[in-house]
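Take a moment to look at the chain before reading on. Then follow the text with the structure open beside you.

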Amino acid sequence: MWAMQLKTPGTPLIRAELPDRQPGEGEVRVAVAACGVCRTDLHVVDGELPNPKLPIVPGHEIVGRIDAIGRNVQGLEIGMRVGIPWLGHTCGVCPYCLGGHENLCDRPLFTGYTRDGGYATAAVADARYVFALPERGDDVATAPLLCAGLIGWRALRIAGEGRRVGLYGFGAAAHIIAQVARVQGREVFAFTRGGDLAGQNFARALGACWAGASDEKPPDELDCAIIFAPVGPLVPAALRAVRKGGRVVCAGIHMSDIPSFPYRLLWEERQIVSVANLTREDAREFFGFVATADIKTTTKAYPLSRANEALSDLRSGNLEGAAVLVPDGAQADKPSGRLRSS
Ligand SMILES: [Zn+2]
Ligand SMILES: [Zn+2]
């Protein structure tokens, strides 16, 4: 197998030939068909997250097929189409795991951060955190669901039942969650960088009833807002846009500092919360929902060997939807795919 590996944060990924690893007890090996590029990968590569395993193979939106199984694995078989998400392992015994909050586990492992991920031709994973995927939908179109979709889903659930939803930062996660919110009968208000008219048009094309710059006041008060962009000043901006009792959800793992703001923006029972990681229950819920809805992902496929180019396009915002890596010679340059229930 080979992989695109990070040796030192702040430097480009390097192609590395690695020995084929046999899965250990409770593990499976997956031949990677596609791996999405998430903003969290950028934070890992840029050294913005503490204590990564080094060297590390990034990537936690993995779609592939099981090609080897270790001992004591239940419910998975060779050849099965599976997904490997960000949450790669939890301890099972800490108060958070025992309390049903495995996303907050005290001793977790995260795919592509503290255990090797999917910027590779193969990945070994803890079988309990691998889930079977339906056979429909192509691999590239499915990959962004594994984190952008899943974390977005958790953020939308935590945002509450409000009808008017603001999405700040219209990238991989927002472009999926806008469609989810529309299917649920909500109104979507999309906020982009000032002057990003292409991003605003993209949001309208996916069903947003309004799109504008993040410092603009939307035509209606929002019931809730989700911040996907890692930009602290969006927190007071979103608080300004939500109604009394409204909630602002910060969905990223890293954000620049939040500037000070007048207390009156928080007053009247407005709330700020963050969303961390995911649970396996989130994945079951979300993929159950996707099976009944017509969610289209917009993707740009890159050969695995050009992972650095995909990362830099994401960093510069030179991307509509989600970047996805495919092992060289597989199905690169394939455009967007559609996921359908039938
Ligand atoms: Zn735990
Ligand atoms: Zn992610």
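The paragraphs below go through the metal sites, the backbone and the ring contacts in turn. Keep in mind that this is a predicted model.

Start with the metals. Which residues hold the zinc ion called ligand 1? Four cysteines do the job: Cys91, Cys94, Cys97 and Cys105. Each one offers its SG atom, and the distances run from 2.3 to 2.4 Å. Now look at the angles. Around the zinc ion (ligand 1), the four donor atoms subtend angles of 103 to 118°. The arrangement is tetrahedral because all angles lie between 85 and 135 degrees. Read along the chain and the spacing of these donor residues is C-x2-C-x2-C-x7-C.

Are these cysteines buried or exposed? Take Cys94, where the relative accessible area is 1%. Buried means under 20%, so Cys94 is buried. Cys97 and Cys105 are buried too.

Move on to the zinc ion called ligand 2. Its donors are Cys38 through SG, His60 through NE2 and Cys147 through SG. They sit at 2.0 to 2.2 Å from the metal. In sequence, the spacing of these donors reads C-x21-H-x86-C. Where do the two cysteines lie? Cys38 is in the loop between β3 (27–37) and α1 (39–45). Cys147 is in the loop between α3 (139–142) and α4 (148–159). The two cysteines are 109 residues apart in sequence, so the pair ties together distant parts of the chain. Cys38 has a relative accessible area of 13%, so it counts as buried. Cys147 is buried as well, at 7% relative accessibility.

One more residue belongs in this part of the tour. Thr40 is found in helix α1. With a relative accessible area of 10%, Thr40 is buried. What does Thr40 touch, once its neighbours within four places in sequence are left aside? Its contacts are Leu49, His60, Trp86 and Ile253. His60 is also a donor to the zinc ion (ligand 2).

With so many cysteines about, a check for disulfides makes sense. How many disulfides does a search of the whole structure find? The search finds zero.

Next comes the backbone. Find the loop between α1 and β4 (62–69), where Pro55 has its place. The peptide bond that joins Leu54 and Pro55 is cis, with omega at about -10°. Asn51 is found in the loop between α1 and β4 as well. Phi of Asn51 is near 55°, which is a positive value in a residue other than glycine. Is Asn51 buried or exposed? Its relative accessible area is 67%, so Asn51 is exposed.

Glu268 also has a positive phi, near 70°, and it too is a residue other than glycine. Look for Glu268 in the loop between β14 (242–250) and β15 (271–274). At 33% relative accessibility, Glu268 counts as partly exposed.

Now turn to the rings. How many aromatic pairs does a search of the whole structure find? It finds twelve. One of them joins Phe110 and Tyr113. Their ring centres are 6.4 Å apart, and their planes meet at 15°. Planes under 30 degrees apart count as stacked, so this pair is stacked. Both Phe110 and Tyr113 are buried.

Tyr168 and Phe191 form another stacked pair. Here the distance is 4.0 Å centre to centre, with 5° between the planes. Tyr168 lies in strand β10 (residues 164–168), and Phe191 lies in strand β11 (residues 187–192). The pair therefore ties together parts that are 23 residues apart in sequence. Tyr168 is buried, with a relative accessible area of 1%. Phe191 is buried as well, at 1% relative accessibility.

Some rings gather in a group. Phe131, Trp153, Phe286, Phe287 and Phe289 form one aromatic cluster. A ring can also have a charge over its face, and Trp2 gives an example. Arg15 lies over the face of Trp2, at 3.7 Å from the ring centre.

Go back to the picture and find the two zinc sites again. Ligand 1 has four cysteine donors. Ligand 2 has Cys38, His60 and Cys147.

Terms used
Residues are numbered from 1 along each chain as its sequence is written. Chains are lettered from A and ligands numbered from 1 in the order in which they are written. This is a predicted model: local features need pLDDT of at least 70, side-chain atom pairs count only at pLDDT 80 or more; totals for chains, interfaces and linings use all residues. Side-chain values use heavy atoms; hydrogens and water are left out. Donors are N, O and S atoms within 2.8 Å of the metal (3.2 Å for Na, K and Ca); water is not among the atoms, so sites may look incomplete. Four donors count as tetrahedral if all angles lie between 85 and 135 degrees; four count as square planar and six as octahedral if opposite donors are over 155 degrees apart and all others between 65 and 115; anything else is irregular. Buried means under 20% relative accessible area, exposed over 50%, partly exposed in between (1.4 Å probe, protein chains only). Helices (H or I, at least four residues) and strands (E, at least two) are DSSP runs, numbered from the N terminus. Rings of Phe, Tyr and Trp (its six-membered ring) pair if their centres lie within 6.5 Å; planes under 30 degrees apart count as stacked, over 60 as edge-to-face and the rest as tilted. A charge sits over a ring if NZ of Lys or CZ of Arg is within 6 Å of the ring centre and within 35 degrees of the ring normal. Contact means heavy atoms within 4.5 Å. A disulfide is a pair of cysteine sulfur atoms within 2.5 Å.
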